[in-house]
Structures are given as structure tokens and as C-alpha cells.
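Student: Could we go through this structure together, one question at a time?
Tutor: Gladly, let's have a look.

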Amino acid sequence: MATQKEWYELMGRALTDADFRTALSEDPGKAAADLGIDLTQDQAEALKSADLVATMESVDQRLSKARRP
């Protein structure tokens, strides 16, 4: 079971790494395991059912715009 800290690590990595974001979306259990994080079936299903790619890209775009002078 991923801890809260591990969950934040996954989300942070998904936000900053497009390849990881895709891997997490396609196979959450494997992507998390590659980082040494063990997901429960419920956690993996939650990630799989979410549109991580679109969500994280939207957040990334908003952060990029906020950094512009």
C-alpha cells in the first residue's frame, strides 16, 4: 500500500515526467513498482480510471503560464 508520501512522489513524478505519466496511466502497478512503491489494487484502479495525462498536462501548462513574467 502506497503511503501518503509515496502517493505524492508518484504525483510529483507524473507532473514533471511525461514518459512516467504515460507509463503510470497505462500500468500504474508496474510504474509504481519501478520506483519501489507497492500499490493496492484499489490505488492502481484509481490511477487507471483517472485521465492522468490530460490532468497533469493541464496543471503543467498552468504552472508554466504562472512562471512567465
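Tutor: Let's begin with a term: buried means under 20% relative accessible area, exposed over 50%, and partly exposed in between (1.4 Å probe, protein chains only). This is a predicted model, where local features need pLDDT of at least 70, side-chain atom pairs count only at pLDDT 80 or more, and totals for chains, interfaces and linings use all residues. Residues are numbered from 1 along each chain as its sequence is written, and side-chain values use heavy atoms, with hydrogens and water left out.

Student: What percentage of the residues of the protein count as buried?
Tutor: Apply that cut-off of under 20% relative accessible area. The protein has 69 residues, and the buried share is 26%.

Student: Which helix gives the most to the largest nonpolar core?
Tutor: A nonpolar core is a set of buried Ala, Val, Leu, Ile, Met, Phe, Trp, Tyr and Cys residues joined through side-chain atoms within 4.5 Å. The largest one has 12 residues, including L10, F20 and I37. At least two residues come from each of α1 (4–16), α2 (18–26), α3 (28–34) and α4 (41–49), helices being DSSP runs (H or I, at least four residues) numbered from the N terminus. With three residues, the top contributor is α1.

Student: Which residue lies over the face of F20?
Tutor: A charge sits over a ring if NZ of Lys or CZ of Arg is within 6 Å of the ring centre and within 35 degrees of the ring normal. Here the distance from the ring centre is 4.9 Å, and the residue is R13.
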